[in-house]
Amino acid sequence: MIKKSNAFNWKCKHTWGQSAINTFWCLVGCSFGDMMTIYYFQVNAIPWPTLSIMALAMFNGIVSSIILETIILLKQMKLKSAIKTAFGMSLISMISMELAMNITDILITGGAKINLYVIPFMLTAGFLTPWPYNYWRLKKFGMGCCG
């Protein structure tokens with residue numbers, strides 16, 4: 001009798017590639033809203049607590065990611081379907097991405113500060129943190145972070 005294996009395969013190069021593309025698009029959307037929020041507070045010297053700025057930055061990052069995904073999906077479907085699909089993206093992936101980026105910012109700059117030195121570290125952390133989850137989600141369910 002042949003025993004069927006339910007072991008998950010983490011070695012699929014195609015899925016790693018597709019999940020990297022999905023994660024990249026999520027990163028573009030999330031990082032735009034996140035970093036622009038932090039930059040706005042920094043430039044205007046708004047005296048909010050760091051955690052409040054980070055919470056707003058995370059929210060704005062998720063919103064900008066949903067907007068970007070909707071725009072991308074408009075090439076494939078009508079507006080109503082594109083919006084519904086964009087809202088159906090993985091919030092787990094986006095929240096983990098946002099947390100990784102903001103924790104990296106706090107660890108390097110000590111607070112809600114954007115500069116050319118911290119951006120590559122934030123983007124790297126933001127990409128690497130949800131990437132395995134996006135691979136798993138794509139492989140297991142045939143879905144990705146963005147679409």
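This report walks through the helices, a kink, a nonpolar patch and a few single residues of a predicted model.

Some ground rules: residues are numbered from 1 along each chain as its sequence is written, and side-chain values use heavy atoms, with hydrogens and water left out. As the model is predicted, local features need pLDDT of at least 70 and side-chain atom pairs count only at pLDDT 80 or more, while totals for chains, interfaces and linings use all residues.

**Overall picture**

The protein has six helices and zero strands, so its pattern along the sequence reads α-α-α-α-α-α. Helices here are DSSP runs (H or I, at least four residues) and strands are E runs of at least two, numbered from the N terminus. The C-alpha atoms fill a box of roughly 70 × 35 × 20 Å along the principal axes. Of the 147 residues, 40% are buried; buried means under 20% relative accessible area, exposed over 50%, and partly exposed in between (1.4 Å probe, protein chains only). About 8,900 Å² is exposed, and carbon and sulfur atoms supply 70% of that. These areas come from the Shrake-Rupley method with a 1.4 Å probe, and for residues only the protein chains shown count as cover. Among contacts (heavy atoms within 4.5 Å) with a separation of 6 or more, 72% join residues 24 or more positions apart.

**Helix α1 and the loop after it**

Helix α1 covers residues 13-43, and its 31 residues should span 45 Å at 1.5 Å a residue; the end C-alpha atoms sit 43 Å apart, which agrees. The expected span is 1.5 Å times one less than the number of residues. There's still a kink of about 25° in α1, centred on Ser31, where the bend is the angle between axes fitted to the seven residues ending there and the seven starting there.

Just after α1 comes Ala45, in the loop between α1 and α2. What is the phi of Ala45? It is near 50°, a positive value in a residue other than glycine.

**Inside: Ser65 and α5**

Ser65 belongs to helix α2 (residues 50-73). Leaving out residues up to four places away in sequence, Ser65 touches Cys26, Gly29, Cys30, Met89 and Met94.

Helix α5 (residues 118-128) has Val118, Met122, Ala125, Gly126 and Phe127 as its buried residues. Which helices do they pack against? The partners are α1, α4 and α6 (131-141).

**Outside: the nonpolar patch**

Leu91, Ile95, Leu99, Ile103, Leu107, Ile108, Tyr117 and Phe121 make a nonpolar surface patch of about 780 Å². Patch members have over 30% relative accessible area and no salt bridge; like charges are joined within 9 Å, and nonpolar side chains (Val, Leu, Ile, Met, Phe, Trp, Tyr) within 5 Å. A salt bridge puts a side-chain nitrogen of Lys or Arg within 4 Å of a carboxyl oxygen of Asp or Glu. Helix α4 (residues 91-109) gives the largest share of the patch, six residues. An α-helix has 3.6 residues a turn, so residues three or four places apart point the same way.

Ile95 and Ile103 are both found in α4. Ile103 is 58 residues from Ala45 in sequence and 21 Å away in space, C-alpha to C-alpha. Here is how the single residues compare in accessibility:

| Residue | Relative accessible area | Class |
|---|---|---|
| Ser65 | 1% | buried |
| Ile95 | 36% | partly exposed |
| Ile103 | 46% | partly exposed |
| Ala45 | 61% | exposed |
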